[in-house]
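Trainee: I have a new model on the screen. Could we go through the labels people put on it?
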Amino acid sequence: DKGISALGEMLKANSTLRELDLANNFCRGETRDLAAGLAANRGLTKLNLNVSQIDDAGARALQAALEHNQTLREMTGFNNPIVDKELRKWLKRARRA
C-alpha cells in the first residue's frame, strides 16, 4: 500500500488542503515520504498522526521536515512505536495550537 507515499507527493504541490487526519493508519516506512511532502508544503496547518505506526526513522524524518515548514501549526503524534525516549517526547509536543 503506497497511499501514504502518494499523500506525501500530493503535499509537495498542494497549497489548499488545511487539515489532514491520518490517525490510526499504518504509515511505517512511508512516513519519510510524508515528511518530504511536509517539508515542501505551504498550506497544511493541522496534521493528526496519532496511532500511525511511526517508528524512530519516520519521527526523525518528520523532525527534519518541520525545520523547513512554517505553515504547520498543529501536529499530534501520540501512541506511536518510537523507541528513542527523547524522540517520542518530541513527536508528542512537536507542534501544538
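Mentor: What follows is a set of short questions on labels and the values behind them.

Mentor: This is a predicted model, where local features need pLDDT of at least 70 and side-chain atom pairs count only at pLDDT 80 or more, while totals for chains, interfaces and linings use all residues. Residues are numbered from 1 along each chain as its sequence is written, and side-chain values use heavy atoms, with hydrogens and water left out.

Trainee: What makes a stretch a helix or a strand here?

Mentor: Both are DSSP runs, numbered from the N terminus: helices are H or I with at least four residues, strands are E with at least two.

Trainee: Why are helix 2 and helix 3 called roughly parallel?

Mentor: Take the axes, which are lines fitted to C-alpha atoms, for helices over the stretch in contact; angles run from 0 to 180 degrees between N-to-C directions. The axes of helix 2 and helix 3 cross at roughly 5 degrees and come within 8 Å. Now the cut-offs: under 35 degrees is roughly parallel, over 145 roughly antiparallel, 65 to 115 roughly perpendicular, and the rest oblique. Helix 2 and helix 3 are therefore roughly parallel.

Trainee: Which residues meet there?

Mentor: Contact means heavy atoms within 4.5 Å. Helix 2 brings Thr 31, Arg 32, Ala 35, Leu 38 and Ala 39, and helix 3 brings Ala 57, Gly 58, Ala 61, Leu 62 and Ala 65. By class, this contact of helix 2 with helix 3 has seven nonpolar, two polar and one charged. In that count Ala, Val, Leu, Ile, Met, Phe, Trp, Tyr, Cys and Pro are nonpolar, Asp, Glu, Lys and Arg are charged, and the others, Gly among them, are polar.

Trainee: What makes helix 3 and helix 4 oblique?

Mentor: Helix 3 spans residues 56-66 and helix 4 residues 85-93; their axes cross at roughly 50 degrees and come within 10 Å. That angle is in none of the named ranges, so helix 3 and helix 4 are oblique to each other. Asp 56, Ala 59, Arg 60, Leu 62, Gln 63 and Leu 66 of helix 3 touch Leu 87, Trp 90 and Leu 91 of helix 4. Six of the residues in this contact are nonpolar, one is polar and two are charged.

Trainee: How do you know that Thr 31 is buried?

Mentor: Buried means under 20% relative accessible area, exposed over 50%, and partly exposed in between (1.4 Å probe, protein chains only). Thr 31 has 0% relative accessibility, so Thr 31 counts as buried. Leaving aside neighbours within four places in sequence, Thr 31 is in contact with Ile 54, Gly 58 and Leu 62.

Trainee: What puts the buried residues of helix 2 on the same side?

Mentor: In helix 2 (residues 31-40), the buried residues are Thr 31, Leu 34, Ala 35, Gly 37 and Leu 38. They cover an arc of only 160 degrees around the axis, so they are on the same side of helix 2. The arc is that of the directions from the helix axis to the C-beta atoms. These buried residues pack against helix 1 (3-13), strand 2 and helix 3.

Trainee: Why do the buried residues of helix 4 line one face?

Mentor: Leu 87, Trp 90 and Leu 91 are buried in helix 4. Down the axis of helix 4, its buried residues fall within an arc of 95 degrees, so they line one face of the helix. They pack against helix 3 and strand 3 (74-76).

Trainee: What makes Phe 26 exposed?

Mentor: Its relative accessible area is 55%, so Phe 26 is exposed. Phe 26 is in the loop between strand 1 (19-21) and helix 2. Not counting neighbours within four places in sequence, Phe 26 is in contact with Ser 52 and Gln 53.

Trainee: And why is Gln 53 called partly exposed?

Mentor: Gln 53 has 25% relative accessibility, which lies between the two cut-offs, so Gln 53 counts as partly exposed. Gln 53 is in the loop between strand 2 and helix 3.

Trainee: What makes the phi of Gln 53 worth a remark?

Mentor: Most residues other than glycine have a negative phi. Gln 53 is not a glycine, yet has a positive phi of about 60 degrees. Val 51, also not a glycine, has a positive phi of about 50 degrees. Val 51 is found in the loop between strand 2 (46-48) and helix 3.
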